[in-house]
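You asked for a colleague's note on this structure, written for someone meeting it for the first time. The points below are numbered, and each takes up one topic.

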Amino acid sequence: MLTCSEKKLQTSQEHSRDDTVDKKELTGFRIIDIEILISILSILLCPECKNNRLYLVEDSIFCLRSNFCLYCKNCPFSKGFASSKKQQRNSEINVIFVFALKIIGKGFTVAKKLCATLNLPAFLSKVSFRIQELKLLLASASVAENSMKHATGEIKNAYDPVPSVKCGVSVDGTWQRRGYSCLNGIVSAISILSGKVIDMEVMSQFCKKCDTKTSSSSFALKHQCANHKGS
């Protein structure tokens with residue numbers, strides 16, 4: 001038999017759990033052992049025959065996204081679903097994974113090692129990884145350009161009657177990595193009025209075309225290198 005205090009404590013804990021479930025909606029991604037998922041689904045009741053004889057089958061895998069199908073061993077019931085949503089024909093989890101790797105400055109080799117260590121499905125091929133990188137580059141460039149246009153628009157609106165505006169800026173530069181051996185850097189112009197970036201320029205001391213050994217003189221004439229020279 002429970003005492004009065006224990007009953008009150010149990011009731012309060014149940015109410016707190018109910019409030020948490022009501023207030024907090026589960027979103028995002030989780031890493032789950034597939035065997036645990038199968039064991040949970042196997043005890044659920046089939047919506048048609050009401051028997052707990054459901055089993056899970058993985059139909060296909062595309063990198064970190066899997067297509068599953070839930071079957072019933074007692075009736076023809078089946079239900080297919082994917083482990084990740086799609087964003088413009090791309091799996092959301094794959095795009096986010098590549099984006100996270102680029103943020104920390106890592107690439108394809110680290111992606112393979114990480115997936116192997118976590119016992120995740122084999123990741124994208126090198127070609128697919130590069131395609132995802134290019135898509136993220138174009139999207140990031142578009143967002144940055146729109147942000148800078150919006151920032152310059154705010155400055156123009158502050159001096160509405162003036163057709164051309166002169167504004168104070170703070171210019172700052174940074175390298176891709178620490179140390180003086182890094183080949184890639186960026187310079188940004190920050191508005192003193194709004195504190196927002198209004199322009200930027202990526203500068204590099206390395207050119208892949210110049211680094212490629214070629215004896216073609218026509219190639220040398222056509223190619224105009226924009227390498228940065230100096231500190």
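1. The protein exposes about 18,100 Å² of surface, and carbon and sulfur atoms supply 57% of that area. This is a predicted model, and every value in this note is to be read with that in mind. Of the 231 residues of the protein, 19% count as buried.

2. As for the overall architecture, the secondary structure comes to seven helices and eight strands. If one takes the contacts between residues at least 6 apart in sequence, 31% of them join residues at least 24 apart.

3. The largest nonpolar core has 13 residues, and those with the most contacts inside it are Leu64, Phe97, Val98, Ala111, Phe123, Leu124 and Phe129. Helices α3, α4 and α5 each supply at least two residues of this core, and α3 gives the most, with four residues. In general terms, nonpolar side chains tend to be buried together in soluble globular proteins.

4. Leu64 deserves a separate look, since its contacts can be listed one by one. Leaving aside residues up to four places away in sequence, Leu64 touches Ser83, Ile93, Asn94, Phe97, Cys115, Leu120, Pro121 and Phe123. A second, separate core of nine residues includes Leu41, Cys46, Leu70 and Cys72.

5. Which residues of helix α4 are buried, and where do they lie around its axis? In α4, which spans residues 108-117, the buried residues are Phe108, Ala111 and Cys115. They lie on the same side of α4, because they cover an arc of only 55 degrees around the axis. The face turned away from this buried side carries the exposed residues Lys113, Ala116 and Thr117. The cover over the buried residues of α4 includes α3 (92-103) and α5. After α4 comes Asn119, whose phi is positive, near 60 degrees.

6. How many salt bridges does a search of the whole structure find? The search finds four, and among them is the pair of Glu133 and Arg130, whose closest N and O atoms are 3.1 Å apart. Both residues lie in helix α5 (residues 126-158), three residues apart, which is about one turn of the helix. An α-helix has 3.6 residues a turn, so residues three or four places apart point the same way.

7. Is Glu133 buried or exposed? Glu133 has a relative accessible area of 16%, and it therefore counts as buried, the cut-off being under 20%. Its partner Arg130, by contrast, is partly exposed, with a relative accessible area of 40%. Not counting residues up to four places away in sequence, Glu133 touches Val98 and Lys102. Val98 is also one of the residues with the most contacts inside the largest nonpolar core.

8. Helix α5 holds another such pair, Lys149 and Glu145, whose side chains meet in a salt bridge with an N to O distance of 3.5 Å. These two residues are four residues apart in α5 and are thus separated by about one helical turn. Lys149 counts as exposed, at 51% relative accessibility, whereas Glu145 counts as partly exposed, at 43%.

9. The side chains of Lys196 and Glu154 also meet in a salt bridge, at 3.0 Å from N to O. This pair links distant parts of the chain, for Lys196 is in the loop between β7 (184-191) and β8 (197-204), while Glu154 is in helix α5, and the two are 42 residues apart. Both partners are partly exposed, Lys196 at 37% relative accessibility and Glu154 with a relative accessible area of 29%. Elsewhere, salt bridges that share partners join Lys102, Arg130 and Glu133 into one network.

10. The last point concerns the surface again. A nonpolar surface patch of about 470 Å² is made by Ile32, Ile36, Ile40, Ile43 and Leu44. Of these residues, Leu44 lies in the loop between α2 (34-42) and β1 (54-62), and at 39% relative accessibility Leu44 counts as partly exposed.

How values were computed. Residues numbered from 1 in each chain as written. Predicted model: local features only at pLDDT ≥ 70, side-chain atom pairs only at ≥ 80, totals over all residues. Heavy atoms only, no water. Buried < 20%, exposed > 50% of the residue type's maximum accessible area, 1.4 Å probe, protein only. Contact = heavy atoms within 4.5 Å. Areas by Shrake-Rupley, 256 points an atom, 1.4 Å probe, with all protein chains shown as cover. Arc of directions from axis to C-beta. Core = buried A, V, L, I, M, F, W, Y, C linked by side-chain atoms within 4.5 Å. Patch = residues over 30% accessible without salt bridge, like charges linked within 9 Å, V, L, I, M, F, W, Y side chains within 5 Å.
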